[in-house]
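Please find below my notes on the model you sent round, set out as numbered points. They concern the sheet, one of its inner strands and the helices that accompany them.

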Amino acid sequence: CCELSAITLCELCMCRPRYCRSRDHVKGDNVCAWKQTSVLKTLGIEERDFLFGNFRNDVNVCPYIILVDRRCRNILIVIRGTLSFEDMISDVTINPDPLDEVGDEFGFDGIGEFCHRGMLEAAKYVHDDMEARKVLHNAFEDHPEFNLRIMGHSLGAGVAAVLGLMMRKEYPLLKCLCFSPPGCVFTERTAKESKEYIWSFVLHNDIIPRLSYQSLANLRNDVIEMIARIKVPKHQVFAKNMRFRSESKIKDLPSKILHERESIPPSSFYRQFSDYMERQKGREEHGVLQVRMICPGKICQLYRTSEKLNNVPCSSIIMCLKCIPATLGLARTQKYTVLWTEAEDLSEICISSSMMSDHFPYNVARALQVAAEAVDVFDIKTTEINSNEDMQEGEKKRS
């Protein structure tokens, strides 16, 4: 922040041309242009490649930017993920909205299909804002040979998927890259059809791509049932088993602590739990749980094959000392298995020591970089694409 402040203040004092002219291509930034400057500095791009940025943030209003990628000949729409309280409200506006009218408006078959309400509203905002400002129209007038790419992380990934669905008729060659998307974006048919133009990337046990009404309800039921299965006093469970554990140790909890599911002894608590489950079944038959929404597109999952230095929470000084090199980027897990997976495989929340940290953008980016380097994927830092033949060859390597 200090460095960005110094840069922007210096530019203001020197009366740089970009502050003297109109800045209609940036909305929602401050007078020092810190948000735009942070994007330029982080990505290492020139200002001419920053076509537009709307940093305004509200409920169902996601900040987004439009960039030019000259190496891969793409126009990029990049949508920010959850960062503010308003974004969290958009996240939990999970009610399924029908896509019938949206399909009629944007030229796709939405009959009988549903979508996450908060993401649909945010996608409509981004689309209408771009249309009103004619940003994409002007971009493709200047770069008619370029393609359109829409991408985002977390909430931004879900919004990117919905926006791609809305814009695909106008831009048939568009592709969406969704990093750690929520597990409740589209209903099944639309999600499967989106495999033609959406790629989703999920890191290991990330909880967000597994989040849905159904998975949360199942987790709630499993936790209550687990309490009923505990043999020992509850304080012993917290005292002995809530410390740091690797994923393999979590799965190997001592059998002496829990009753088998088939042999839970009768108790007042278990009777109340059984009555509660019966009431829930009646509600689910007439409630929103009848609409099942899943992760969009083709899903690429990165499985960590080593438990060392995986940036998980720890509970002792010794473990913290071990984690410091990983936190600083000096040492980290270098082994990943990359597999195509199905949305059904992400239907249950996996309780893990890394279920939250696997969602953080820098961990996802780091894992993708390590996995790409392992298979010698096209290196965007060192390779310039100067011809159509080079671009096609690079596209084949990335596939």
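The points below begin with the sheet as a whole and then turn to single elements.

1. The structure is a predicted model, and the points that follow should be read with that in mind. Its nine strands form an open sheet of mixed pairing, in the order β1-β2-β3-β4-β7-β8-β10-β12-β13. The edge strands are β1 (26–27) and β13 (336–341), each of which pairs on one side only.

2. At the β1 edge, β1 runs parallel to β2, the two being joined by two bridges, and Lys27 stands opposite Asn54 in β2. Helix α3 (residues 34–43) packs on the sheet here, touching β1, β2 and β3, and its direction makes about 135 degrees with that of β2. Helix α15 (residues 361–374) also packs on the sheet, where its contacts are with β7, β8 (175–179), β10 (198–203), β12 (298–304) and β13, and its direction makes about 105 degrees with that of β10.

3. How many of the residues of strand β3 (residues 64–69) are buried? Six of the six are, so the strand is largely enclosed by the rest of the structure. In a regular strand the side chains alternate between the two faces of the sheet. Here Tyr64, Ile66 and Val68 point one way, while Ile65, Leu67 and Asp69 point the other way, and all are buried; the list thus includes Asp69 alongside Ile65 and Leu67.

4. The neighbours of β3 are both antiparallel to it: strand β2 (residues 50–54) is joined to β3 by four bridges, and strand β4 (residues 74–79) pairs with β3 over six bridges. On the β2 side, Phe50 stands opposite Leu67, whereas on the β4 side Ile77 is the bridge partner of Ile66. The hairpin of β3 and β4 has four residues between the strands, and in this hairpin Arg73 takes a positive phi near 60 degrees.

5. Helix α7 (residues 135–142) has Val135, Leu136, Ala139 and Phe140 as its buried residues. Seen down the axis of α7, these fall within an arc of 120 degrees, so they line one face of the helix. An α-helix has 3.6 residues a turn, so residues three or four places apart point the same way. The exposed residues Glu141 and Asp142 lie on the face of α7 turned away from its buried side. Among the elements that cover the buried residues of α7 are β2, β3 and β4, together with α6 (117–133), β7 (147–153) and α8 (155–167).

Notes. Residues numbered from 1 in each chain as written. Predicted model: local features only at pLDDT ≥ 70, side-chain atom pairs only at ≥ 80, totals over all residues. Heavy atoms only, no water. Buried < 20%, exposed > 50% of the residue type's maximum accessible area, 1.4 Å probe, protein only. Pairing = 2+ DSSP bridges. Arc of directions from axis to C-beta. Contact = heavy atoms within 4.5 Å. Axes fitted to C-alpha atoms, helices over the stretch in contact; angles between N-to-C directions.
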